[in-house]
Amino acid sequence: MAIVEVAISIPLHRTFDYLYDQEIEAGVRVKVSFGAKKVIGIVLSNKDKSEFKKLKSIEEVLDVSPILDTPILNFLFWAAKYYHHPIGEVLLAAMPKNLRLGKPAVIKKVIGLPNKIQAPDFDITEEQDRAIKAILAKQNAYHGFLLHGVTGSGKTEVYLRITQEILNQGKQVLVLVPEIGLTPQMISRFESRLDTRVVAIHSQLNETQKLDAYLLAKETQAGVILGTRSAIFAPMPNLGLIIVDEEHDGSFKQQSSFRYSARDLSFIRAKQADIPLVLGTATPSLESLKNAMDSKLTRLTLANRAGGAIMPKVSLIDMRSNFDGALSKLLIEKMQQYLAKGRQVMLFINRRGYAPVYFCTECGWKSECSHCNASMIYHRHINRLKCHHCGDEKMPEQTCPDCSQSTLEVYGYGTERLEETLGSHFPDTPIIRIDRDTTRRKKALAQHLEKINSGDPCIIVGTQMLAKGHDFSNLAMVGILDIDGGFLSINFRATEYLAQLLIQVSGRAGRGLEQGEVVIQTRYPDHPMFNYVLSNRYTQFASGLLKQRMSAAMPPFAHQALLCANAKNKQNAQEFLQEVAGLLKNINMDTVEIWGPVANSIEKKADYYYFNLYLQSNDRSALHQMLATFNQHVDTIKLKNKVRWYLDVDPID
Ligand code: ADP
Ligand code: ZN
Ligand code: ZN
């Protein structure tokens with residue numbers, strides 16, 4: 001009889017021992033009984049002794065060979081330790097759902113090889129050539145690169161060429177892209193250029209396809225895995241290179257249960273596999289800029305757009321003197337000029353729905369969600385008010401619940417209202433709206449994109465879904481509306497994000513040979529950030545922010561962790577964190593600062609009250625030692641009625 005250590009997906013920092021008539025390899029899935037249930041677990045080790053008496057037997061061994069091989073297991077152990085997350089949850093979260101459910105690890109359908117490889121019809125630029133050579137010179141060992149190239153500078157072209165070289169060595173390549181960056185265009189660009197099977201992993205796949213993609217990577221039948229954040233866990237036995245495109249993007253951070261950053265984990269995976277890592281972006285995160293300063297990343301620059309395209313002209317429209325609603329006269333005039341020339345125009349507004357506020361003009365009452373501290377958003381096509389936090393919806397009130405007058409109106413603009421307003425200004429121009437509401441239907445996005453790619457003049461209205469990855473050749477002008485919320489945000493990263501977003505969105509304009517134009521409407525035209533954005537000096541702007549962060553001892557110069565508790569009973573959540581704060585203070589690590597508990601910026605969401613406790617230290621290892629000690633003792637705090645809590649290491653908002 002062997003004693004087998006098994007990890008199970010439960011929120012406890014421990015593993016369990018079972019009996020089996022022979023040893024089982026680590027990384028194999030087993031079915032075991034746990035309490036009254038049968039669950040799927042992962043074998044971690046075999047041992048001679050157990051500290052428990054009365055062990056149960058393993059019910060069934062599900063794999064002939066390990067699903068998780070040693071390199072992936074080691075990578076996941078590292079991740080579980082760093083994020084202080086239970087190992088069982090980490091291991092099972094890293095696998096596709098069908099494997100988690102115990103389904104057999106067999107490929108259903110092997111997708112074909114892209115059949116025709118198209119060579120590019122241009123030569124690489126000198127800048128691209130230098131970057132490619134620098135990366136390939138380090139292809140046999142770990143080395144981190146920051147490929148900082150302005151939008152349209154041909155970063156993707158660099159990825160394609162280094163990828164092909166690595167493939168030629170018989171190795172595999174992992175390419176991570178942001179959630180909204182993995183467009184059909186991006187996938188087909190990789191498929192049509194690379195002499196291998198390219199497998200995309202993203203949320204639109206069904207579970208069978210996800211499992212197939214995972215297994216094709218594991219069996220090295222896929223040379224390239226192109227995926228969103230969870231692809232960082234794809235098993236790739238011959239991994240030779242990792243590329244993280246748009247490394248600054250917030251979607252690399254998972255914001256529920258196991259809160260990892262795929263960008264940050266890519267360093268560890270590359271180090272463990274001893275291979276190069278390339279982080280590409282037009283707008284490096286402050287974390288990556290600091291890493292470049294500290295020589296942890298070698299910076300490679302593409303300062304010019306490829307193929308002779310020039311950067312767009314950027315200007316501001318001061319909205320303080322504009323009383324005509326969402327669109328200034330000047331913006332409309334500019335749009336007319338481009339449309340008259342047969343060109344396309346895109347308007348970017350980061351809010352879906354018709355209007356963000358439904359209020360009483362008489363007494364100021366405003367419709368709010370009864371489950372959240374948030375306004376209800378009016379959606380006109382269904383004539384309903386919706387909460388974008390909890391999904392609750394209702395019919396709009398006819399009369400004011402406070403003063404009984406029928407003086408209720410909407411205020412502000414979302415994509416839906418913008419589309420309507422544009423319709424009255426441009427009755428003869430097709431308007432294509434792209435947001436979560438118009439792309440819910442399968443294939444809807446592809447159909448919209450097809451229309452845009454036909455090149456016919458049109459107005460595109462979209463949310464940040466459009467900020468990345470798209471390359472519309474006839475798009476001449478981009479108008480950016482209603483970004484001022486970013487200046488008012490309490491998140492210390494807000495201006496960094498806003499500058500990145502403006503530059504990314506601007507990057508959609510004028511990718512052909514004619515110079516494009518970008519117009520930003522704002523009520524804060526004097527904000528210093530614009531000086532930099534207008535003249536395309538992101539690096540100088542970011543360096544300034546970095547200095548501020550250094551003098552304020554904020555990330556990336558300090559390390560943070562967040563403990564969040566939430567409960568239906570406000571006091572219970574608060575008291576739990578007070579006890580946690582007490583426990584942490586007893587750990588007595590004076591290099592770690594503790595603030596809070598404080599209410600979350602949106603205190604109530606879906607009937608739960610959220611409170612936060614922040615930990616910060618200049619000394620990362622001290623912070624982590626404290627978190628590890630905390631995890632050992634947290635069970636001593638009795639969880640009052642239904643308090644839920646989580647730990648977020650390196651939180652981003
Ligand atoms: P990025 O990823 O930096 O935004 P892309 O790789 O998408 O840039 O390149 C932008 C456009 O320029 C694409 O249409 C691409 O085919 C083209 N391109 C890339 N490199 C070159 C080059 N050396 N010469 C001409 N065109 C290029
Ligand atoms: Zn009223
Ligand atoms: Zn709500």
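Q: Ala, Val, Leu, Ile, Met, Phe, Trp, Tyr, Cys and Pro count as nonpolar, Asp, Glu, Lys and Arg as charged, and the others, Gly among them, as polar; how many residues of each class has the lining of the second largest cavity?

A: This is a predicted model, and the lining of its second largest cavity has four nonpolar, two polar and two charged residues. The residues concerned are Y83, H85, S257, F258, R259, L647, D648 and V649, and the volume they line is about 30 Å³.

Q: How many cavities of 30 Å³ or more does a search of the whole structure find, and what lines the largest cavity?

A: A cavity is a space where a 1.4 Å probe fits but cannot get out. Searching the whole structure gives two cavities of 30 Å³ or more, and the largest cavity holds about 70 Å³ of space. Its lining is made up of T151, R305, M311, P312, V314, L502, I503, S506, G507, V533 and N536, which divide by class into six nonpolar, four polar and one charged. Helix α14, residues 494-506, gives the most to this lining, with three residues.

Q: How does one read a pocket, and about how much space lies in the second largest pocket?

A: A pocket, in contrast to a cavity, is an open set of points. In the second largest pocket lies about 1000 Å³ of space, and of the 41 residues that line this pocket, G152, G154, R189, D471 and R511 are the closest to its centre. The lining divides into 11 nonpolar, 17 polar and 13 charged residues. Helices α5 (155-168) and α6 (184-193) each supply at least two residues of it, and the largest share, five residues, comes from α6.

Q: Which space is taken by ligand 1, and which residues come nearest to this ligand?

A: Ligand 1 takes the space of the second largest pocket. There are 17 residues around the ligand, and those that come nearest are D123, Q128, K155, T156 and R189. By class the shell comprises four nonpolar, seven polar and six charged residues, and its largest share, three residues, comes from α5.

Q: Which atoms of D123, Q128 and G154 lie at short listed distances from ligand 1?

A: A useful reading habit is to ask whether the backbone or the side chain takes part. For D123, a backbone N or O atom lies 2.8 Å from a nitrogen atom of ligand 1, whereas for Q128 a polar side-chain atom lies 2.8 Å from a nitrogen atom of the ligand. In the case of G154, a polar backbone atom is 3.0 Å from an oxygen atom of ligand 1. Taken alone, ligand 1 exposes 560 Å², and the protein buries 79% of that area.

Q: Which peptide bonds are cis, and where are P556 and P597 found?

A: The angle to read here is omega, and two cases can be examined in turn. The peptide bond from P555 to P556 is cis, with omega near 5°, and P556 belongs to the loop between α16 (538-551) and β24 (559-567). Another cis peptide bond joins G596 and P597, where omega is about 5°; P597 is found in strand β25, residues 592-605.

Q: What phi does T220 have, and where is T220 found?

A: The sign of phi is the point to read, together with the residue type. T220 is not a glycine, yet its phi is positive, at about 55°. This residue is found in the loop between α7 (207-218) and β9 (224-227).

Conventions. Residues are numbered from 1 along each chain as its sequence is written. Chains are lettered from A and ligands numbered from 1 in the order in which they are written. This is a predicted model: local features need pLDDT of at least 70, side-chain atom pairs count only at pLDDT 80 or more; totals for chains, interfaces and linings use all residues. Side-chain values use heavy atoms; hydrogens and water are left out. On a 1 Å grid over the protein atoms alone, a cavity is a set of points where a 1.4 Å probe fits but cannot get out, and a pocket is an open set with protein on both sides within 12 Å along at least five of seven lines; lining residues have an atom within 4 Å of a point. Grid points are joined across faces, edges and corners, and a volume is the space filled by probe spheres set on the points. Helices (H or I, at least four residues) and strands (E, at least two) are DSSP runs, numbered from the N terminus. Ala, Val, Leu, Ile, Met, Phe, Trp, Tyr, Cys and Pro count as nonpolar, Asp, Glu, Lys and Arg as charged, and the others, Gly among them, as polar. A residue is near a molecule or strand if one of its heavy atoms lies within 4 Å of it. A polar contact is a pair of N or O atoms within 3.5 Å; within protein, one must be able to donate a hydrogen and the other to accept it, and residues adjacent in sequence count only if both atoms are side-chain atoms. Accessible areas come from the Shrake-Rupley method with a 1.4 Å probe; for residues, only the protein chains shown count as cover. A molecule sits in a cavity or pocket if more than half of its atoms lie within 2 Å of its grid points.
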